[in-house]
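Subject: A structure for you to look at

Hi,

Here is the structure I promised to pass on. Please open it and keep it beside this email as you read.

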Amino acid sequence: MNEETIMDKIVSLSKRRGFIYPGSEIYGGLSGTWDYGPLGVALKNNIRNLWWRMFVEDRDDMYGIDAAILMNKKAWEASGHVTGFSDPLIECKKCKRRFRTDQVSDPSTPFDKTQDKSLRARKCPECGGSLGDTRQFNMMFKTHIGAAEDESSVSYLRPETAGGIFVNFKNVVDSFHPKLPFGLAQVGKAFRNEIAPRDFIFRVREFEQMEIEYFVRPGDWEEKFEEWRSQVYRYTDAIGIPRALVHELEVPDGERAHYSERTIDFEFDFPFGRKELYGLAYRTDFDLSAHSRASGVNLQMVDEEGKAPITPHVIEPSFGVDRTFLALLVSAYTEDELGGEKRTYLKFNKAVAPIKAAVFPLLKNKPPLVAKAREVYAVLKNTSRSAGCRIMWDDNGNIGKRYRRQDEIGTPVCITVDFQTLEDDTVTVRSRDTGEQIRVTSSELPNLISS
Ligand code: ATP
């Protein structure tokens with residue numbers, strides 16, 4: 001299959017079936033924004049909930065927070081983002097289009113390949129015009145707080161959720177008196193004025209992160225770094241991102257973020273190339289020390305009774321919700337033939353599938369069938385609620401069409417109530433992946449769906 005076509009197909013399926021729509025579409029869109037539809041919300045919730053359960057609720061050393069997106073600008077000055085959170089930008093002198101410098105110097109970019117790399121880097125990939133000098137472009141979205149639009153009212157939409165964690169470090173320590181190591185976790189929106197948003201939801205200007213700052217004794221950082229390295233795979237395994245598609249990249253000196261002494265990027269084989277999915281960074285005590293200096297508030301903590309207070313060091317596993325979403329779509333997208341017919345389906349695992357099961361009456365114009373199917377549906381909805389499962393009712397079109405529709409949104413099983421159900425209370429359960437059908441009694445359904 002042609003790689004570009006796969007992305008086109010995924011984008012169009014996402015829109016058609018209500019996963020993701022272009023942002024502000026009826027006004028011609030807004031670059032770098034996408035809106036999640038009903039099934040997108042359900043999938044996103046599953047991505048977040050699984051993460052939160054695994055890394056916060058199931059552990060005794062983790063504390064969740066939900067900080068404001070708008071923060072005092074001093075926090076971003078202290079963390080180095082106001083001066084350092086920038087990408088190198090280059091502008092075409094002819095068409096005025098702007099690019100990230102690494103984009104135009106990428107030898108895979110299609111432009112005049114007869115020239116050597118250094119010369120190629122100076123040509124616009126769009127119009128072939130010559131490019132100006134590289135300058136740094138700060139990616140934070142600036143805004144003003146309150147009615148006055150002057151320097152004193154400047155604030156920024158957070159470019160990473162981590163900032164809200166560091167400024168709440170002391171609050172959590174004072175409330176809960178944790179012992180090292182322990183972590184603070186946050187899930188929420190982050191904003192970056194990306195020079196070139198692209199590749200569907202891969203690089204957007206408004207996105208969501210799931211981040212942990214895991215505070216450790218300075219001497220323990222390597223051990224804890226390794227622990228988090230394996231935790232990343234626990235998560236990808238749980239949601240169904242195949243290991244074979246994930247690769248580690250040790251980010252070399254000079255290419256790491258300004259705060260990091262070691263970074264591993266977890267890259268994924270997207271159809272448009274191997275690109276960063278998650279990051280794992282050792283941020284040393286850079287942030288706590290910088291915030292302590294800038295705010296004048298002591299951010300040290302007493303680790304052991306009778307010993308001098310220390311500034312913990314921090315390991316940061318950072319997960320992007322939108323890139324997880326895209327990696328799941330790419331991993332799940334399947335085309336095959338079933339019963340002599342071509343079909344497309346999303347092979348989501350049960351843990352993330354937005355709809356766990358769909359219930360149908362065989363015919364929608366036979367009241368006894370519809371009544372029985374409604375009963376089965378209601379019982380199932382009720383019993384599976386606590387397990388976080390969503391069940392869908394569908395009586396639109398013939399059974400074949402309903403199967404195709406459910407296949408396309410990745411529903412693992414379809415349950416059909418037919419005439420035999422009225423006699424012996426058995427229903428057919430059809431598997432998305434194989435198309436096979438089995439008959440079970442309706443009382444067996446809750447177990448079958450949640451297992
Ligand atoms: P890239 O090199 O691709 O720009 P980054 O190294 O700047 O990414 P981080 O600062 O490490 O990204 O952010 C942590 C995570 O947040 C990333 O691993 C990714 O999952 C997500 N993320 C970052 N920028 C974006 C974006 N523009 N759109 C969607 N997700 C993003």
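Below is what was found, starting with the domains and moving on to a sheet.

Please keep in mind that this is a predicted model.

**The domains**

The chain is assigned two stretches, 3-71 and 157-329, as domain 1, and residues 355-450 as domain 2. Their C-alpha centres are 37 Å apart. Where the domains touch, domain 1 gives five residues and domain 2 gives four residues. On the domain 1 side, the largest share comes from helix α2, residues 38-57, with three residues. By type, that side of domain 1 has three nonpolar residues, one polar and one charged.

**The sheet**

Now find the open sheet of five strands. Its order is β19-β18-β20-β21-β22, and the pairing is mixed. Which strands stand at the edges? They are β19 (391-393) and β22 (437-441). Each has a single partner strand, so one side of each has no neighbour in the sheet. From one strand to the next, the twist averages 30 degrees.

Look next at β21, residues 426-431. This strand pairs with β22 in the antiparallel sense, over five bridges. To see one pair, go to Thr 428: its bridge partner in β22 is Arg 439.

**The helices on the sheet**

Helix α12 (residues 367-384) packs on the sheet and touches β18, β19, β20 and β21. Its direction is at about 165 degrees to that of β18. Helix α13 (residues 399-409) also packs on the sheet, touching β18, β20 and β21. The direction of α13 makes about 155 degrees with that of β20.

Best wishes

How values were computed. Residues are numbered from 1 along each chain as its sequence is written. This is a predicted model: local features need pLDDT of at least 70, side-chain atom pairs count only at pLDDT 80 or more; totals for chains, interfaces and linings use all residues. Domain bounds come from an automatic or database domain assignment. Two residues are in contact if their C-beta atoms, placed from the backbone, lie within 7 Å. Helices (H or I, at least four residues) and strands (E, at least two) are DSSP runs, numbered from the N terminus. Ala, Val, Leu, Ile, Met, Phe, Trp, Tyr, Cys and Pro count as nonpolar, Asp, Glu, Lys and Arg as charged, and the others, Gly among them, as polar. Two strands pair if DSSP finds at least two bridges between them. Axes are lines fitted to C-alpha atoms, for helices over the stretch in contact, and angles run from 0 to 180 degrees between N-to-C directions.
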